[in-house]
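Reader: I am new to this structure and should like to learn how to read its features. May we go through them one at a time?

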Amino acid sequence: MSDAFEFYWFYKLNDLEPLWTPLSVSDNNKLETAHLRDGDGRKVAIKAGRYDADLETELLIPVYWEACNGLIKRFKWFKVKKEIHNEKDSQILKTFNSTIDPDESDRFDHVCFIVHGIGEGCDLQLRSILDCANSFRKKSNEIIDANLSMGFRDELSQKFNSIEFLPISWHDVIHSDKKKWKDITLPSIPNLRLFSNTAISDMIFYANIEFRKKIMEKVVENLNKYVKIFKNRNDYYKGKISLIGHSLGSLILFDLLSIYTNENNKSNFDFEVENFFAIGSPIAFFLTTRGTSLADSNLKLNCDFFYNIFHQLDPFAYRIEPMVSTETILEPVQLSKYNLENQNLLWRILNLTRSGENHHIRVTNNEYINESDSVFDYQQICTGSGKNLRLKRIDFAIEKSAFDHLDYLLFLTAHSSYWDSYDLVLFILKQLYYQVEMEENGGTTLK
């Protein structure tokens, strides 16, 4: 029995990764089928279509971002011996990752593109925007799967898929010559100076008209390019596109989505934007320094809905609603805590009786709509706000923890805390699925 093995496909996302990791069962079956049927002369989409596996060159090629290629390889996997053998040169590896990747849906209910903010790293761990997009996707899948496991899958006829989160990068357009920065940087306190060179300089660059134009052009180029690729590779997809901007990335998207209704405006994008989520955003600060007023009825955002989400300890985040109307300044809406035990579900079942028959209808459990006519409609700054007059608020706050007394210590991490927030991901999912309901019901939803 110890000599029993199976052929299995492993991968490395880049050449620097020390260990080979087994692909998911579904991806392994795709590659094995292609290998046995067609030989090694074709590419196969794997990892939910985010990579192409080139069987001839054994390269793992990213589809939606520019990066070095990874590697794929077909091994003989001796599970009893706990070793893998290279089938071509009989090299034996006893050290490898034995945990098989989970299967992923390669069909999507919605897609969100995420534009990063200041600095090369998105948080204090210096994770890339790709890592943070992966974190959002992982949490999104966990929340959806947890809800479906509670009986929603059996109760509903609708097929539930996944939400795709994809990264958009612009940093290299202004930091292409890293050696020049290294040459002029003092060697002391290297981590702080790295932050200064990338994060603080990004703000200064964006304040410069010439560099701001370069950054905006890069974001437009990448968004149009990768949205087109996504739609071409997923020809079934009829949904709209949502954008997420973190920190400076939210200001970039705000500027690109801004139009003046009394002027002839041409959209920067080749697609319609449904939702714009700004997280940890300095938009209001920059608009104030520019002397721009959101109360100007001619200034609109070319999207259906706009959400400004912030951690209350984030020193770089500012409110939007007081810039839209100063008549009554409301407290920001608190995001609900993600806790399925408290029945804060993504969906609930609505029982309807029609013609003597009972019907079960899935309804998004969206507690952020406003039934009262007395609540000011802040969403009126969006061109598509009339699609649902019950979505009125813009400012949403992530709850502070029990350690409020440590405000001045926690503010350093608050700006980068969004990528690990289940509360934030749940909020985003509720808005995305709520919009799907509106589409299905011709602009009205059952509540």
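Author: Let us begin in the loop between β6 and β7 (83–86), where K82 lies. The model is a predicted one. K82 has a positive phi of about 60° although it is not a glycine.

Reader: Is K82 buried or exposed?

Author: K82 counts as exposed, because its relative accessibility is 62% and the exposed class begins over 50%. A second case may be set beside it: S247, also a residue other than glycine, has a positive phi near 60°. S247 lies in the loop between β11 and α6. S247 is buried, with a relative accessible area of 1%.

Reader: How many helices and strands does the protein have?

Author: The protein has 10 helices and 19 strands. Of its 447 residues, 50% count as buried. The exposed area is about 22000 Å², and carbon and sulfur atoms supply 52% of it. Among contacts with a separation of 6 or more, 72% are between residues 24 or more positions apart.

Reader: How should I read the two sides of a strand?

Author: In a regular strand the side chains alternate between the two faces of the sheet. Strand β4 (residues 51–54) is a case in which both faces are covered. Y51 and A53 are buried on one side, and D52 and D54 are buried on the other.

Reader: Which strand do four bridges join to β4 on the side of β3 (residues 43–46), and how do the two run?

Author: The four bridges are between β3 and β4 themselves, and these strands run antiparallel. Within this pairing, I46 stands opposite Y51 in β4. The two strands form a hairpin with four residues between them, and K47 in the turn has a positive phi of about 50°.

Reader: What joins β4 to strand β5 (residues 59–62)?

Author: Four bridges join β4 to β5, and the strands run antiparallel. Here D54 stands opposite L59 in β5. The hairpin of β4 and β5 has four residues between the strands, and E58 takes a positive phi near 60° in that hairpin.

Reader: Let us turn to a helix. Which residues of α1 are buried?

Author: Helix α1 (residues 25–38) has 14 residues and reaches 20 Å from its first C-alpha to its last, close to the 20 Å expected at 1.5 Å a residue. Its buried residues are D27, N28, L31, E32, A34 and H35. They cover an arc of only 165° around the axis, so they lie on the same side of α1. On the other side of α1, L36 and R37 are exposed.

Reader: What covers the buried residues of α1?

Author: The cover includes β1 (6–12), β3, β4 and β6 (70–78). The strands β3 and β4 are thus met again here, having been described above as an antiparallel pair.

Reader: How should I read a salt bridge?

Author: Side chains of opposite charge can pair when their charged atoms come close. The structure holds 26 salt bridges. One of them is between the side chains of D420 and K139, at 3.7 Å from N to O. This pair links distant parts of the chain: D420 is in the loop between α9 (407–414) and α10 (422–440), K139 is in helix α2 (residues 129–155), and they are 281 residues apart.

Reader: Are D420 and K139 buried or exposed?

Author: D420 is partly exposed, with a relative accessible area of 36%. K139 counts as buried, because its relative accessibility is 9% and buried means under 20%.

Reader: Which parts does the salt bridge of D255 and R290 tie together?

Author: The side chains of D255 and R290 meet at 2.9 Å, N to O. D255 lies in helix α6 (residues 248–257) and R290 in helix α7 (residues 283–290), so the pair ties together parts that are 35 residues apart in sequence. D255 counts as buried at 16% relative accessibility, whereas R290 counts as partly exposed at 36%.

Reader: Which residues are linked in a network of salt bridges?

Author: The residues R50, E104, R137 and E164 are linked in such a network.

Notes
Residues numbered from 1 in each chain as written. Predicted model: local features only at pLDDT ≥ 70, side-chain atom pairs only at ≥ 80, totals over all residues. Heavy atoms only, no water. Buried < 20%, exposed > 50% of the residue type's maximum accessible area, 1.4 Å probe, protein only. Contact = heavy atoms within 4.5 Å. Areas by Shrake-Rupley, 256 points an atom, 1.4 Å probe, with all protein chains shown as cover. Pairing = 2+ DSSP bridges. Salt bridge = Lys/Arg side-chain N within 4 Å of Asp/Glu carboxyl O. Expected span 1.5 Å × (residues − 1). Arc of directions from axis to C-beta.
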